Amino acid sequence: MTGREQASLYEGQMGSNVLAVNPSTSSLTQMENVGNNRTPRKSEACSLTVSAGFERQVMMERGRSRRRNFFDFGVNTRKAMEHVQDSKSGSSGMPVKIVTNLFAFRSPPKWCLNQYQVTFMPDIESKRLRMALLFSHSDLLGRVRAFDGAMLFLPNKLQNQVTKVTSMMKNGQIVNIVITLTSEFPQDSPMCIQFFNITIKKVLKMLSMYQIGRNFYNPSTPIQIPQHRLTLWPGFSTSILRYETKILLSVDVSHKVLRSETVLDFMTELYNRIGDQRFIDTCMRELVGFIVLTRYNNKTYRIDDIDWSVKPTNVFKKADGTEITYIDYYSQQYDASITDLNQPMLVSQLRSKNDVKDVAPRVAHLIPEFCFLTGLSNQARSDFRIMKDLAAETQLTPQKRQQRLHDLIDNIQRNKVARTELEGWGLRLDEQISLVGRVLPTEKIHMFEHSCQPVSPVDWSRDIRNARIIGSRPLQDWLIVFSQRNYESAGKLLACLKKVGPPMGFSVENPKMVQVNESPTSFIQALRQHIEPSTQLVLCILPSNQKSSYDCIKKFLCVEKPIPSQCVVARTLNRANIMSIVTKIALQMACKIGGELWMVEIPLKSLMVIGIDINRDTLRKGTYVGFVASINTTITKWLSRCVFQPSSVEVADCLKVCMRGALNKWLEVNHVLPARIVVYRDGVGDGQLMTLVDYEVPQILDSFKMVNPDYRYDFFLISQCARQGTVSPTYYNVVYDNSSMKPDHVQRLTYKICHLYYNWQGVIRVPAPCQYAFKLTTLVAQNVHREPDLELADCLFFL
C-alpha cells in the first residue's frame, strides 16, 4: 500500500450496488489508493448494556482457512435492531473506491435447478454402470446434466413428472429406469449455491487445473525458485455464495509450495548426516504426517507410516486380482522407471467420506523416489532469505493480483468446453464488483507522559522510542536460568535489559543468576529449587529451539509453579540488532508482571472488551476455550481464563463461568459493574453462526440475567496494512446488540481495539482481545496441554 496508512472499512447495503465481500477469499485486488492508516451508579448494575458476539472470519489467517457458509444466512440481519434498520453503514472517514475479487454469477431471472430421483430395476450397484445406462438417453436428458448415482440434476424440466425409460446391458438384460421430479430449487437456495460451486470446480478442471485440497493449481506454469530448490504452482481458491442480494463468485490467488527434492533425496541426505544407528527413528519422526505430491498423477497423499519391509521388487494384488511388482506397475501405468530397488515404501491411508467405521481403511504404498515434499520445513521457515524470496513471488501487488484474476475469467470465457458447460446450465460470469469504502483517520497512541500520531500504523516503535510506558511494577525478585555455554549471552542480555528498561519506565534490578546443564530436566530442577513465593518472573535462555524443552518449562511454570516466564533462544542474542530485540523482550516482560504499555482514546467509558477463541489440543482429544477480558476503564489490563473441553466441537460451553469471573474482577477493580460489554468471538467455523447465537450468546446473557431476541448485521474492516503485496479484510458479524450503538461507533471502536495488542507496536488485523485469546489457547493447546493456574489470570503471561 502507498499513501497515508490508515484503516479502511466498508459495509454491504441491502438493495444497493454496494455489496459485502466474502472474507474467506476477500482480498482487495486494487488497494494502492487505500491506506491503513457517565459511569453508572451501583444501583444501576442490573441495567447492563451488551453488544455481544462479533464473529470474525479471514482467509488463511494463522494457517486456518475460513469460509462463510450458506447455513449462516438463517441468522436474520438487523431484524429487530431499530437503530440499524434504516442503514448499517457508518459515515466517518474519507470515501474511497475499491475493486473486489468478486465477479457477478448470472443466471436467467426465473432460473431453477430441477432435481430428479433415479431408480433402477433391477437395482444396479455400480455407479459407473448406472451413469452409462442413464446417459444413453441423451436425446431425452440433453447434453448438460449432473448425476451422482441417485440424484439427477437438469437445467430444463422433463415433459412428465415421472419419466420411464429402458436400457440394455451388454449381456442383453433389460433395465427399467424411473426418473421422478422431486424438487425445483430457486437460484438463491442452499442447494443451488452448492451446485454452483460444484460446477465452477468442474470448469476449472476443464482448464487442465488440478485440485489439491480445496484449491486448484496449474502445474503447466510453475514458478521456479532454484536457489532454494523450491517450485510454486500458481492457482486459485474459489467460492460462490449469496452476498445479501446477489450471487457472486469470489476468486483469490493461491500458491502451492513444492520442494524440488523427493522423499528419497530427503532420506538419503538424512542417512548421510546421522548414520545408520538412529536413521529409522529419525526418519519416521521427520516424515510421518508430511504431505507429498506424486507428479505422475498430480495427487497429494499424507504419509501415515513407512513400511521398511516392502521394496519396489515386491508384488501386490491389483483390483482385478492379478499380481504385479511395483516396478512393473509404475512402468506400465505411468511409464516411470524406479532406480533405487532397496528404498522402503511410504504408507498412506486413503480416506473417503463413505468409509465405514468397522471396515479397515484402504492403504496406498508410494515410492519415495516419486514423491515430492510439499510445504516448508521448520528450518526453511526460520530462514530469512528463503521467506523473502518466497514472498517476492507469492505476495502480489494489487496490479499483479488483479491481472491474475482477469486471466482466469478470460480463460474460462475463451475455453470452448468450459464456456459450453456454463452456458448449458444457463449460467455466465459477468463484471467485476466494485464498491465504496471509507478510510478512517489514524489514532493517537498515548503513553505515560507522551502522545503521538504515528507516521505509520504498521510500526510505531520509532515514534515511542523515548517514551515511557503507562506503568509497570519494578522487576526486583526474578531469575535468569541458563546453561554454561550461554553464560556470556546471559550477561549480555541482563546488561541490555538494564540499559533499555529505565528509559521506558521499566525498572530492572539484578536477578538471581542460575547456571544449569543443557537438559530440560536440569532446568526444571533449578526452577523447583530457586523459585520463591515472592518471585516475580523467570527468564530462561534456551540452548536451542527444541519444542520439547520449551514445552517442559512452560508446563512447569504455568501449572506446577505458576510464575510468569520469558523464554529466549540463545542464538537470538547473537544477532546484530540486539538492542531492538532486547527492547521487545523488555516490553513483554513488563506485560507479564502486570504492566500497561500504551492506550488509545476510547470515548465509551466503563467499557469491558472481551475476546474468545477456541483451539484444538494437539495431544489430548478436546479443545481449549480462551477467554480474555479487559478489567479497567482504559482497556490496558486484562484477565484471562483457559478452559479445557473434552469435546472436539468448536463451541464454548464454559462462558457463563468465565463471564461471571470477569464481572467479579471488574467490580473488584472499579467498584461498579461495566456500563457496556463488547464481545469479540473468534474461531467460528462454517455454518456455526446460528449455533453461536443459540448457544453461546445465552450463556453470556444469563451471567447477568438478561434475555433478548437474536439478530445480526455485518461489516468489513482492514485495520492492518502491508508493506508488500495486498491485505485481506476481516469480516465481522454483530450477532447481538442491545446497546443502541450506531454502526459507525462499533466500527471505530473495533479499529481502536486493534491498536492494543502489546506484542506488536502496530495495528493488527483483529481486535486485541481476540489475538490475546488466540495466543493463550495456542500456548496451552500446543505446549502446556493443561489448564493454566488461576494465579496467572491477571497478567499477560502467554505473550
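Contact here means heavy atoms within 4.5 Å. On that basis, the cover over the buried residues of α12 includes β25 (478-483), β26 (512-516), β27 and α13 (547-560).

## Overall make-up

This is a predicted model. The protein has 799 residues, and 55% of them count as buried. Its secondary structure comprises 18 helices and 34 strands. The exposed surface comes to about 36500 Å². Carbon and sulfur atoms supply 49% of that area.

## Helix α12 and the loop after it

Helix α12 spans residues 520-530. Its buried residues are S522, F523, I524, A526 and L527. An α-helix has 3.6 residues a turn, so residues three or four places apart point the same way. Within the buried set of α12, S522 and A526 fit that spacing, as do F523 and L527. The elements that cover these buried residues include three strands, β25, β26 and β27, and one helix, α13.

T535 sits in the loop that leads from α12 to β27 (537-542). Its relative accessible area is 7%; because the cut-off for buried is under 20%, T535 counts as buried. A polar atom of the T535 side chain lies 2.9 Å from the backbone nitrogen of E532. Beyond four places in sequence, T535 touches D477, W478, L479, H530 and I563. One of these, W478, also belongs to the largest nonpolar core.

## A second buried threonine

T636 also occupies a loop, here between β30 (623-630) and β31 (638-645). With a relative accessible area of 1%, T636 is buried. Its side chain makes two polar contacts within the loop. One is with the side chain of N632, at 2.8 Å. The other is with the side chain of T634, at 3.0 Å.

Contacts from farther along the chain surround T636 as well. Setting aside neighbours within four places, they are I470, E596, W598, M599 and Y758. Y758 is also among the contacts of Y772.

## Nonpolar cores

In soluble globular proteins, nonpolar side chains tend to be buried together. The largest nonpolar core here holds 84 residues. Which of them touch the most other members? They are W478, L497, F506 and Y772.

Y772 is in contact with V628, W638, L756, Y757, Y758, L796, F798 and L799, leaving aside neighbours within four places in sequence. A second, separate core has 39 residues, among them L207, I247, L249 and I412.

## Strand β21 and its partners

Strand β21 covers residues 371-374 and is covered on both faces. C371 and L373 lie on one side, F372 and T374 on the other. All four are buried.

β21 pairs with two strands. With β13 (residues 246-262) the pairing is antiparallel, over 2 bridges. There, T262 has F372 as its bridge partner. With β14 (residues 291-294) the pairing is again antiparallel, through 3 bridges. V292 has L373 as its bridge partner in β21.

## Helix α17

How many of the 11 residues of α17 are buried? The count is 9, so by the cut-off of under 20% relative accessible area this helix, residues 743-753, is mostly covered. The buried residues are P743, D744, V746, Q747, L749, T750, Y751, K752 and I753. The set includes the charged residues D744 and K752.

Notes
Residues numbered from 1 in each chain as written. Predicted model: local features only at pLDDT ≥ 70, side-chain atom pairs only at ≥ 80, totals over all residues. Heavy atoms only, no water. Buried < 20%, exposed > 50% of the residue type's maximum accessible area, 1.4 Å probe, protein only. Polar contact = N/O pair within 3.5 Å; in protein donor to acceptor, adjacent residues only side chain to side chain. Core = buried A, V, L, I, M, F, W, Y, C linked by side-chain atoms within 4.5 Å. Pairing = 2+ DSSP bridges. Areas by Shrake-Rupley, 256 points an atom, 1.4 Å probe, with all protein chains shown as cover.
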